[in-house]
Amino acid sequence: MFYRSTSAMAPPSKNRFKRQSRIFSQVLYQTLSYKDRSSGHSLSEANKEDPSELSTQVSAPGVLKIFGCHICVGTHYKSVLATATSSAQELLKEALERYGLNRVDVGHYVLCDVVGTFAGSEKQWKMEGLRILRDHEKPLLIQDLWKPREGFSRRFELRKRSEVEEMTAEDRDTITAGINAQARKLQRNRTKGTMTPLMACHTSPPSLRRTVSETSLSQAEPNGGNTLRLSLYQSPHLLLLQGYSQQHDRLVYLLNREQHTVGQRTQASKPSISLSAPDILPLHCSIRRVKLPTRSHHRSEEKLFIEPIPGASVSVNFSEVGKAVVLRHGDLISLGLSYLFLYKDPLKTQLLPTQTLVKLKAMRRASEPEPPRRKLQLEFDKANEDVLLRRIMTLIEPTGDDHKLAPAFLLCLCIQHSATHFRLGDFGKLLLKATKMVQKSVWEKTNELAEKQSLHQDPVSLSRFTISDLLPDLQHIVFWMSNSIEILYFIQQKSPVYIQNMEEELDIKGSKESLFSLTITASEEAMTVLEEVVMYTFQQCVYYISKSLYVALPPLLECNPFQGEGRDGWLSPPPLPEEIHKVVLIYQAALDLLHQYDVHPEVTSQMFAYLFFFSNTLLFNQLMEKGSSLGCFHWSKGVRIRATLRVLLEWAQSVGLGPLADQFFCKLSSMASLLAMPNSQLLQMTWPVLRSEFPALNPAQLNHILTQYQTSSAMGCVPAWQPSNNDALAAVRTGEAPDVMQLTWKTSGWNKGLDLGGQRGSTQPGRCL
């Protein structure tokens, strides 16, 4: 700026004076209120302005009025310069500066598109609808594309973000009409963790309230000067129930084109419906409109089909689809792991199918947090202790429908109450008393079973012995075995804690070493008693189940597993031969029995390890001793034995015992594979090759099988099968001890235990009490 003396300044010219006078008049005009300005306007000027747009006027293009009565009391509006490309974010910053606010606080304010009317005799402004403008939206472009209904006006207002969000949260739509009203209600309830059943839509949708999704559904095109207005209430659409990105996902996606592509937007892919989850492919699926002929053949009916791209995860009503399927009103569409849409066609019907409502309610129940679990307690007086223990021992009938671990759960509660509420030393006495009662009950049941089974010792009775005759008596043994395991685990975990608390209390009250040592001795004796009970019941179960297998297994060597093939095999799988069916029935009955009484999985695995070991040993010894007389050392018989064994292994695999069966049937499987080998291939193999191919067979067993094979097949001596010098002595040694499986027991480190403290474990008897 240059400074001169006043004498050197020349008076303004006439044209310059007129221009400054016109600028001053415009500025003065912009500061007047709307009411004063409208009264001072001529009638011809008023006719040129659009009464529905209060933030702009034809006489002042490029000037946008932003009303701020909610920001600055007494201020009607401020004007900012704007173009068709000006974004809401830019105009918001300019408006803050015009109102004397800091541009840095732009995040605390929002620019709102407000629709309302002038009501009453004083023409007071009354808001009817409000929508927050997104940062990238262009207010002047929205004015051109979206017009208020006749009788309403629109203006842009500056408001505090907190006030608008609070007003939106308190808003309740009483019309309950249209897709946006339902969408807002569903989204609000989902946030609160509840779900309101969807109601039917009315025919007249609200035209004043618009969501962000509704204004950004697609680009409208002018047609002969008229604005093309898309309506959610006349077009099929997808309603977002679950999304991935709150910033990028829309609430509603219109399906108003002939074809839509759905995918993740990249530089090379520009889908019409863009989703942002990482498991969404650049081109995930397509939704296209297809005209199908109707029954009258004079009209065609339009249907929407969704077609997934190979490799894309697309499900309709939670059933994955691999080809194009037709969409029906109320279908639930899942895209990837994050997106869930509800397909709605307002032209067909307004009521959602019952099936959809049921699935939405199921989703709600699955998402609800589990209610807090109560901590159960059992309180009793010392005088009633014996009566309570006897009642617990007879409370549950093993063959009934009550929870099978209820006695263990109640006894553990008694132990817990005694250790925390009774006198020092009473805890150890209760332990011994409870475990002795369990031991006595087990002895009585096993003696009853032994007396019954003594009647089936003769060969005739033994041949008619089945697993179904055994199950009623085994139920009592398995019942107490399962409960004893749980009590033993509880004592192992809790007894050290109770004894430590007892020791601390004794230190305070004075030394009582005898009482302390008696409690430790009682705890150790109780655990010893329970270990004996578990071992004994386990052995009894293995013995009686093996007894039934002893009758059913030998016929497998003469079984023909192929007898059911070739008879309508394409309609249904052939039935198992009777010999195989009997063995599988015993295995399955034993597994069901252990599951029914909630036996610990490790105990179940150990029991089946013994059963598989017994089965393998019995069949292998039968082959070694009687294989020649039965004609088993032949290729055709070897194929049958291998097929029979494969059926047993497949059953074990189907119930989760496959690795266990493979381990303990290894020797029999090796022998069956050797016998099923074609003669031409077997003759080419030497002794070292056979030893490496069948390591489960020791030299004596392999030599015996090869010798019997040569004799049965009349092949004569095969020099290549002669044992090597290293194995010569071992191959002729026939007095080796048979394979024996030692019974080892491990109860420490199990993850299973009774839940007495409200924490969820793998076994929870308290849920069924």
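# Exercises on a predicted protein chain

The mean pLDDT of this predicted protein chain is 77, and 74% of its residues reach 70 or more; pLDDT is the predictor's confidence in each residue, from 0 to 100. Residues are numbered from 1 along each chain as its sequence is written. As this is a predicted model, local features need pLDDT of at least 70, side-chain atom pairs count only at pLDDT 80 or more, and totals for chains, interfaces and linings use all residues, while side-chain values use heavy atoms and leave out hydrogens and water.

## Exercise 1: Get an overview

Task: Find how many helices and strands the protein chain has, and what share of its residues is buried.

Solution.
- Step 1. Count the elements: the chain holds 24 helices and 16 strands. Helices (H or I, at least four residues) and strands (E, at least two) are DSSP runs, numbered from the N terminus.
- Step 2. Turn to burial: 43% of the 769 residues are buried. Buried means under 20% relative accessible area, exposed over 50%, and partly exposed in between (1.4 Å probe, protein chains only).
- Step 3. Look at contacts, meaning heavy atoms within 4.5 Å. Of those with a separation of 6 or more, 64% join residues 24 or more positions apart.

## Exercise 2: Read the low-confidence stretches with care

Task: Locate two stretches where pLDDT is below 50.

Solution.
- Step 1. Residues 27–47 have pLDDT below 50, and this stretch has 15 contacts in the model beyond near neighbours in sequence.
- Step 2. Residues 192–230 also stay under 50, and here the model has 76 contacts beyond four places in sequence.
- Step 3. Apply a caution: where pLDDT is low, the predicted coordinates should not be read in detail.

## Exercise 3: Build a sheet around β15

Task: Work out which strands β15 pairs with, and whether its faces are covered or open.

Solution.
- Step 1. Place the sheet: an open sheet of six strands runs in the order β7-β6-β16-β15-β12-β13, with antiparallel pairing. Its edge strands, each pairing on one side only, are β7 (252–254) and β13 (319–320). Two strands pair if DSSP finds at least two bridges between them.
- Step 2. Go to one neighbour: β12 (residues 314–316) pairs with β15 in the antiparallel sense over three bridges, and Ser315 stands opposite Ser334.
- Step 3. Go to the other neighbour: β16 (residues 339–344) pairs with β15 in the antiparallel sense over four bridges. Leu335 has Tyr339 as its bridge partner, and Ile333 has Phe341.
- Step 4. Follow the chain from β15 to β16: the two form a hairpin with three residues between them, and Gly336 in the turn has a positive phi of about 70°.
- Step 5. Recall a pattern: in a regular strand the side chains alternate between the two faces of the sheet. In β15 (residues 332–335), both faces are covered, with Leu332 and Ser334 buried on one side and Ile333 and Leu335 buried on the other.

## Exercise 4: Inspect a loop

Task: Find which residues in the loop between β12 and β13 have a positive phi.

Solution.
- Step 1. Asn317 lies in this loop and, although not a glycine, has a positive phi of about 55°.
- Step 2. Phe318 is in the loop between β12 and β13 too, with a positive phi near 65°.
- Step 3. Phe318 counts as partly exposed because its relative accessible area is 43%.

## Exercise 5: See how α23 packs

Task: Describe where Gln701 sits, and decide whether it is buried or exposed.

Solution.
- Step 1. Gln701 lies in helix α23 (residues 699–713).
- Step 2. Gln701 counts as buried because its relative accessibility is 13%.
- Step 3. Leaving out residues up to four places away in sequence, Gln701 touches Phe620, Met624, Lys667 and Ala696.
- Step 4. Widen the view: the buried residues of α23 include Leu702, Ile705, Leu706 and Tyr709. The helices that the buried residues of α23 pack against include α17 (601–630), α18 (635–654) and α20 (666–675).
- Step 5. Check the length: α23 has 15 residues and reaches 21 Å from its first C-alpha to its last, close to the 21 Å expected at 1.5 Å a residue. The expected span is 1.5 Å times one less than the number of residues.
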